[in-house]
Amino acid sequence: MKHWMPALAVAGACALPMGAYAQDSYPTRAITWIVPFAAGGPTDAMARNVANRVAQELKQTILIENVGGAGGTIGAAKAAKSAPDGYTFLVGHIGYMAAAPSLYARLPYDPVKDFRAVFRFPDTPLVLLVGESSPYKSVTDLIAFGKQNPGKLNFSNAGVGSTSHLVAAMFASQASMNITPVAYKGAGPALNDLMGNQVDAMFDQTNTALPQTKGGKVRALGLTSSGRMDQFPGVPTMAEKAIPGFQVSTWYGLYAPKATPDAVVQTMYQAWQKALADQAFTGKMAEQGIQMLPAAQYAPAAFQQFTADEGQRWAKVIKDAGITLQ
Ligand code: MLT
């Protein structure tokens, strides 16, 4: 399924042969960012947010190509095989760039060997959501039912290894209860079915959960952030109300095929640095429940090392929580 995002187009780009890369004129044509989830979910929303602003700095079009399925690993595999010419990138995230190697026996790419980090995006914590007509008014209500009725709570998620899958599995394990995961091609469709009362609960990222919570379509029971958030007034953190220390955010970032030239990475990162200096842009993201990071954490080398470290960390989390592919 392809969704192409119309973005900024600039006339007069010099006509170089397709695929050509000349340092002093890059980019000379539209760039594609592969988002491995369906349109309308938090990763897609974050990607469009960042792409729109970076496209302004590059004075070039950035097209979002949604390639859903298998918790983001199908889109990541496609990006890994794309030409390292500066015209195809992957919008990566915690699931298919850190957890997936510990969940999928035969992953068709290696997050560290097949990609190079370009820059990190800001983070989004998650929020535990139930439908507006749900009987559960608190995390403790939900846990009480889950303990007494093993397997009866259906949690929607964006596919095996997605944050919505991982965090729900961690929650169930730490609350000592069994839940039934229901996989979709993205958190967008997963949230739609929660609002349609087809499932009981889900963990969604704050940037997409916020409008539906404000609109009364879903009820927020707990935040996975370190502290309460102004955007979710009255909503406690999971740690304060149910599971001490329960804290996790989805991280994201832009990756290129490993052999992509340094100059391409630098051009893209410099455009991102200019976007980060725009307080109107960063302020709007913060209003959506997106958590900005210390500047140094956005840089290519720091993000490359972070990706490798996260792969190690999630291997342990997955083993300790007994998270599997189902
Ligand atoms: C997830 O990990 O659950 C994804 O962020 C879902 C999505 O972005 O669609």
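This note goes through the ligand site and two backbone features of a predicted model.

1. Local features are taken at pLDDT of at least 70 and side-chain atom pairs at pLDDT 80 or more, while totals for chains, interfaces and linings use all residues. Residues are numbered from 1 along each chain as its sequence is written, and side-chain values use heavy atoms, leaving out hydrogens and water.

2. The shell around the ligand (residues with a heavy atom within 4 Å of it) includes Phe37, His93, Ala158 and Gln205. It divides into 4 nonpolar, 8 polar and no charged residues; Gly counts as polar here, and the charged class is Asp, Glu, Lys and Arg.

3. Because domain 1 (2-123 + 251-321) and domain 2 (125-241) both give residues to this shell, the ligand lies between them. The domain bounds come from an automatic or database assignment. Helices H1 (42-58) and H5 (163-174) each supply at least two shell residues; helices are DSSP runs of H or I with at least four residues, and strands are runs of E with at least two.

4. Oxygen atoms of the ligand make polar contacts (N or O pairs within 3.5 Å). A side-chain N or O atom of Thr43 is 2.6 Å from one ligand oxygen atom, and a polar side-chain atom of Ser164 also lies 2.6 Å from a ligand oxygen atom. For Ala187, a backbone N or O atom lies 2.7 Å from a ligand oxygen atom.

5. Two backbone features remain. Most residues other than glycine have a negative phi, and most peptide bonds are trans. Tyr26 and Pro27 are joined by a cis peptide bond, with omega about -5°; Pro27 is in the segment before strand E1 (31-35). Lys59, not a glycine, has a positive phi of about 55°, and is in the loop between H1 and strand E2 (62-66).

Notes:
A polar contact is a pair of N or O atoms within 3.5 Å; within protein, one must be able to donate a hydrogen and the other to accept it, and residues adjacent in sequence count only if both atoms are side-chain atoms.
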